[in-house]
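User: Please take a close look at one part of this structure for me, beginning with a single residue and following the thread from there. I am new to this, so please go slowly.

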Amino acid sequence: MYVTHKLVTKKNVSTPKLPPGPWKLPITGNIHNLVGSLPHHRLRDLSAKYGPLMHLKLGEVSTIVVSSPDYAKEVLKTHDLIFASRPPILASKILGYDSQGLAFAPYGDYWRQLRKICALELLSSKRVQSFEPIRGEELNKLIKFIDSKEGSVINLSKEVSSTLSTIVSRTAFSKKCKNHQEFISVIKEATEVAGGFDLGDLYPSAKWLQHISGMKPKLEKFHQQADQIMQNIINEHREAKSRIIDGQHEEIEEDLIDVLLKFKDTNNLTEDQIKAVILDIFGGGSETSATTVVWAMAEIIKNPRVMRKAQVEVREVFDKEGKPNERDLEKLKYLKSIVKETLRLHPPGTLLLPRECTQACEIKGYHIPLKSKVIVNAWAIGRDPKYWTNPETFYPERFSVSSFDYKGTNFEYIPFGAGRRICPGIAFGLINVEFPLALLLYHFDWKLSIGMKNEELDMTETFGSAVTRRDDLYLIPTAYKL
Ligand code: HEM
């Protein structure tokens with residue numbers, strides 16, 4: 001009796017303690033705990049019960065959910081190296097050329113090489129600025145379109161999303177791509193299918209499940225379509241380049257494919273790797289920005305005080321200079337606080353890019369198993385009353401007195417992540433949010449359809465390729481007259 005007791009005690013001492021979590025069913029684990037509501041909401045509610053470091057078993061996958069700034073710091077800073085990889089998912093394997101893009105490449109030399117090219121060449125501030133004419137042209141078209149619909153209801157979600165997709169597509173392929181719209185619609189459909197949880201990813205050992213869920217064949221179809229379009233684009237770029245070499249000059253604006261092709265030989269990049277990076281830029285760059293602009297407009301419509309204050313600022317600054325100009329964005333302090341506040345309440349990248357534990361470790365006494373998937377719920381942290389006063393209230397002024405920025409140093413506020421794998425597209429993403437928003441507020445006054453009260457605007461979210469509004473935002477513009 002004594003011996004048995006001792007053995008049990010010894011076993012308890014040596015068995016590492018997993019973070020707390022709900023009771024697990026055989027085979028399915030905690031999948032049932034996520035049913036019935038949006039995943040970031042369910043995870044927040046479960047964490048309120050089990051704690052800010054929680055363990056779930058989703059099918060076969062050990063999953064660690066982080067819901068406080070302290071634990072986020074442990075994962076994204078203190079142990080950043082251990083958590084600097086991403087778990088493999090079917091969508092990135094098929095669409096992303098065997099996870100050869102930046103977002104899903106395992107941490108290592110290849111990822112470092114891509115990250116360097118992105119930071120220094122593709123997404124640097126200088127490169128982002130060089131795309132000013134493209135933004136100007138496309139946003140001008142948007143403003144003209146809205147102007148033509150003055151007084152009638154427009155689907156702002158649709159128009160903003162289409163404009164931002166075109167901007168990103170033109171920065172990647174410039175005018176050498178004959179059919180931006182075809183590429184945009186294939187990628188949109190593909191990311192909608194790929195977003196969210198797939199059954200096959202929850203049971204990686206049961207490959208047959210990928211067929212049953214229907215995901216694999218769908219992704220393969222989109223992959224073939226996107227690959228063909230991108231191959232044509234690469235060929236067109238090559239032909240354009242050889243025409244220059246032959247002395248036949250034509251108007252050339254350097255786009256991201258040109259930059260990547262330049263690096264192809266020096267960095268031994270293959271064409272598949274180039275395509276995977278382009279897909280990342282497209283996947284990471286358009287929906288995130290579009291949805292942030294739309295959430296900001298929805299929050300502003302709900303808060304007429306904020307709308308008036310923002311319009312006074314934008315109009316004062318732009319009118320002084322004669323016309324709207326990207327370079328004056330720095331002067332729009334209140335608009336910048338609005339964007340920060342929008343990203344606090346609606347971080348679009350929530351849950352989409354988890355991390356993977358590459359070495360079993362301990363966090364504050366809890367055992368984190370090797371290969372666990374680690375999800376940092378930035379959405380829940382941004383709405384936690386422990387760290388934010390009146391967290392559900394849209395109050396941009398909170399950022400005029402705080403020093404929080406986007407660099408991932410304050411773990412209460414991490415809409416772009418933090419650490420080695422922090423979003424490399426912050427500069428590109430922000431300008432694609434701030435400038436369109438400034439123009440929408442400068443050129444128009446906005447109201448909801450007749451009969452709808454501002455405060456009643458529905459803010460229900462949906463979860464897919466980003467956390468977006470469930471319902472499109474319909475508004476009535478009135479042109480601003482000087
Ligand atoms: C409002 C705009 C955006 C938001 C909120 C956002 C958010 C995020 C988040 C949360 C991550 C994960 C970071 C982590 O693991 O710590 C991420 C990664 C990434 N983002 Fe963004 N992003 C935005 C815009 C962009 C843009 C414009 C691009 C490119 C044009 C981009 C490309 C990427 C890529 C490639 C990664 C993966 C980086 C890596 O794994 O090394 N994002 N983003």
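Analyst: In this predicted model, Ser99 counts as partly exposed because it has 19 C-beta neighbours inside 10 Å, whereas 20 or more would be needed for a residue to be called buried. Ser99 sits in the loop between helix H4 (90-94) and helix H5 (109-122), and although it is not a glycine, it has a positive phi of about 55°.

A positive phi is also found at Lys371, where it is about 70° and where the residue is again not a glycine. Lys371 is partly exposed because 15 other C-beta atoms lie within 10 Å, and its place is the loop between strand S6 (366-368) and strand S7.

That loop leads us to S7 itself, which spans residues 373-376 and is covered on both faces, with Lys373 and Ile375 buried on one side and Val374 and Val376 buried on the other. This arrangement can be read with a simple rule in mind, namely that side chains in a regular strand alternate between the two faces of the sheet.

S7 also has strands paired with it. Strand S2 (residues 61-66) pairs with S7 in the parallel sense, over four bridges, while strand S4 (residues 355-356) runs antiparallel to S7 and is joined to it by two bridges. Lys373 takes part in both pairings, for it is the bridge partner of Thr63 and it also stands opposite Glu356.

Key. Residues are numbered from 1 along each chain as its sequence is written. This is a predicted model: local features need pLDDT of at least 70, side-chain atom pairs count only at pLDDT 80 or more; totals for chains, interfaces and linings use all residues. A residue is buried if 20 or more other C-beta atoms lie within 10 Å of its own, exposed if 12 or fewer, and partly exposed in between; C-beta atoms are placed from the backbone. Two strands pair if DSSP finds at least two bridges between them.
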